[in-house]
Amino acid sequence: RVSAFSRQVLPEGQGSDVAALLVEYDSGPIGVISNSSIGAWVASFAVHGTGGSAWSEDDGARFFHQPMGESSRSEELVEPVDALVDQLADFVACVREGRRPETDGTAGLEVVAVLQAAALSVERGAAVDVAEVRDA
């Protein structure tokens, strides 16, 4: 299920300035995705679980982890990558080797279904089951 919220905050804006999406996965975890075009540019990604937390800062240039029960985080060195270049290289390798990509068209359709459910949630002001739009 997804619950989405979207607002136009700035009067001179066109469309949504701020959006948030709460995703409830079938297996139990809950994910939060948020975006704002009115604040400072901050790109981060975090995962929190029963064993601890891991997150990136500076658009993936810095990576940290903190095991559950630990009072401080550790930074791991990461090699900068260009995600688009990596995706294109993997696509070419899949074509040459006749193998399926890690993320295929089925996964892409699932992303579209989640985004459609999010748009419907904003419209309705209520949570929407992704299956409702996927199976429509």
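## Close-up views of a predicted model

**View 1. Strand E3 supplies the largest share of the lining of the largest pocket, seven residues.** Welcome to the first stop in this predicted model. The largest pocket has a volume of about 750 Å³. Its lining is made up of 21 residues, and the closest to the pocket centre are Val 32, Ile 33, Ser 34, Ser 44 and Phe 45. The elements that each contribute two or more residues to this lining are E3 and E4.

**View 2. Ser 56 sits in strand E5, which covers residues 52–57.** Is Ser 56 buried or exposed? With a relative accessibility of 15%, Ser 56 counts as buried, because the cut-off for that class is under 20%. Setting aside residues up to four places away in sequence, Ser 56 touches Ser 44, Phe 45, Arg 62 and Phe 63. Two of these names may look familiar: Ser 44 and Phe 45 are among the residues closest to the centre of the largest pocket.

**View 3. Arg 62, a contact of Ser 56, also pairs with Glu 75 in a salt bridge.** The side chains meet with an N to O distance of 2.9 Å. Arg 62 belongs to strand E6 (residues 62–67) and Glu 75 to strand E7 (residues 74–76), so the pair links distant parts of the chain, 13 residues apart. Both partners count as partly exposed: Glu 75 has a relative accessibility of 39%, and Arg 62 has 30%.

**View 4. Val 9, Leu 10 and Ile 38 make up a nonpolar patch on the surface.** Together, these residues offer about 220 Å² of accessible area. Where along the chain does Ile 38 lie? Ile 38 is in the loop between strand E3 (30–36) and strand E4 (45–49). At 37% relative accessibility, Ile 38 counts as partly exposed.

**View 5. Leu 120 is a buried residue of helix H2, which spans residues 105–124.** The relative accessibility of Leu 120 is 19%, and Leu 120 counts as buried because the limit is under 20%. Beyond its neighbours within four places in sequence, Leu 120 is in contact with Val 128, Glu 132 and Val 133. For a backbone yardstick, take Leu 120 and Val 130: they are ten residues apart along the chain, and their C-alpha atoms are separated by 9.9 Å.

**View 6. Glu 132, a contact of Leu 120, forms a salt bridge with Arg 124.** The N to O distance between the two side chains is 2.5 Å. Arg 124 is partly exposed, with a relative accessible area of 46%. Glu 132 also counts as partly exposed, at 38% relative accessibility.

**View 7. Arg 134 and Glu 110 join their side chains in a salt bridge, at 2.9 Å from N to O.** Arg 134 lies in helix H3 (residues 130–134) and Glu 110 in helix H2, so the pair ties together parts that are 24 residues apart in sequence. Arg 134 counts as partly exposed at 42% relative accessibility. Glu 110 is partly exposed too, with a relative accessible area of 32%.

**View 8. Asp 90, Glu 97 and Arg 99 are linked in a network of salt bridges.** How many salt bridges does a search of the whole structure find? The search finds eight. Among the pairs shown in the earlier views are Glu 75 with Arg 62, Arg 124 with Glu 132, and Arg 134 with Glu 110.

Methods. Residues numbered from 1 in each chain as written. Predicted model: local features only at pLDDT ≥ 70, side-chain atom pairs only at ≥ 80, totals over all residues. Heavy atoms only, no water. Helix = DSSP H or I, 4+ residues; strand = E, 2+ residues; numbered from the N terminus. Buried < 20%, exposed > 50% of the residue type's maximum accessible area, 1.4 Å probe, protein only. Contact = heavy atoms within 4.5 Å. Patch = residues over 30% accessible without salt bridge, like charges linked within 9 Å, V, L, I, M, F, W, Y side chains within 5 Å. Areas by Shrake-Rupley, 256 points an atom, 1.4 Å probe, with all protein chains shown as cover. Salt bridge = Lys/Arg side-chain N within 4 Å of Asp/Glu carboxyl O. 1 Å grid on protein atoms, 1.4 Å probe; cavity = no way out; pocket = protein on both sides within 12 Å on 5 of 7 lines; lining within 4 Å. Points joined across faces, edges and corners; volume = space filled by probe spheres on them.
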